[in-house]
Amino acid sequence: MTSTELSHDHLKLNELSYIKINALLLLAIIPLSIIGYFLAVSDESLFFVYEWSLVVLLSCTFLLSIVTAFVYKSSLIWLSLSFLAFILQFAVFCLFLGPYTFYPLFFAYYAVAAISSIISIITFKKGLPYRFITLIFMIVTVIMTFYMILLHSLWGVNWI
């Protein structure tokens, strides 16, 4: 084979490539949220574009995590499960962005955040590569949970 030719095997993605793609897709939430903020401030009638873009982005990352963890039977299954749990937690958290927020969803978020935290801690203890990703997941989980507790207390629940 010459240097200019590529075989089919060279074009295949390995499991680490799927993890990197998933991490980059999750990182795309930040600029998308900035655009969503500007849509909410300047033209509220277009906020649905942000909401549906976020749904598509989370769906893609969720499916990619499932494929990486279960279809390819990755050796990095715990890292893929950590992605999966965090995406599920973030999806439940995003339910509080729209008008469909109900009081029992607070407890659904707390349950999913607890499961996500347990999976992230197990993944962190496994000593896999990219431990910083699970550490970031844990930090973001704590921040989102504090926000949810604040929102829950503003809803009218007295914690003290």
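Visitor: Which is the crossing of α4 and α6, left-handed or right-handed?

Guide: That crossing is left-handed. Keep in mind that we're looking at a predicted model.

Visitor: What elements does the protein have, to start with?

Guide: There are six helices and zero strands. Read from the N terminus, the order is simply α-α-α-α-α-α.

Visitor: At what angle do α4 and α6 pack?

Guide: To read a helix pair, look at the angle and the spacing of the axes. Here, α4 (residues 77–94) packs against α6 at about 20 degrees, and the axes are 11 Å apart. Angles under 35 degrees count as roughly parallel, so α4 is roughly parallel to α6.

Visitor: Which residues meet between the two helices?

Guide: From α4 you'll find Phe83, Phe86 and Phe90, among others, and they face a group in α6 that includes Phe137, Val140 and Met144. Sorted by class, this contact has 11 nonpolar, four polar and no charged residues.

Visitor: Let's pick Thr134. Is Thr134 buried or exposed?

Guide: For this one, check the relative accessible area. Buried means under 20%, and Thr134 has just 1%, so Thr134 is buried. Thr134 sits in helix α6, which spans residues 131–155.

Visitor: Which residues does Thr134 touch?

Guide: Leaving out residues up to four places away in sequence, Thr134 touches Leu79, Ser82, Ser120, Thr123 and Phe124. Leu79 and Ser82 belong to the α4 side of the helix pair we just discussed.

Visitor: And how much of the protein counts as buried?

Guide: Of its 160 residues, 35% do. As for the outside, the protein exposes about 10,100 Å², with carbon and sulfur atoms supplying 75% of that.

Key. Residues are numbered from 1 along each chain as its sequence is written. This is a predicted model: local features need pLDDT of at least 70, side-chain atom pairs count only at pLDDT 80 or more; totals for chains, interfaces and linings use all residues. Side-chain values use heavy atoms; hydrogens and water are left out. Helices (H or I, at least four residues) and strands (E, at least two) are DSSP runs, numbered from the N terminus. Buried means under 20% relative accessible area, exposed over 50%, partly exposed in between (1.4 Å probe, protein chains only). Contact means heavy atoms within 4.5 Å. Accessible areas come from the Shrake-Rupley method with a 1.4 Å probe; for residues, only the protein chains shown count as cover. Axes are lines fitted to C-alpha atoms, for helices over the stretch in contact, and angles run from 0 to 180 degrees between N-to-C directions. Angles under 35 degrees count as roughly parallel, over 145 as roughly antiparallel, 65 to 115 as roughly perpendicular and the rest as oblique. A crossing is left-handed if the near helix is turned anticlockwise from the far one by less than a right angle, and right-handed if clockwise. Ala, Val, Leu, Ile, Met, Phe, Trp, Tyr, Cys and Pro count as nonpolar, Asp, Glu, Lys and Arg as charged, and the others, Gly among them, as polar.
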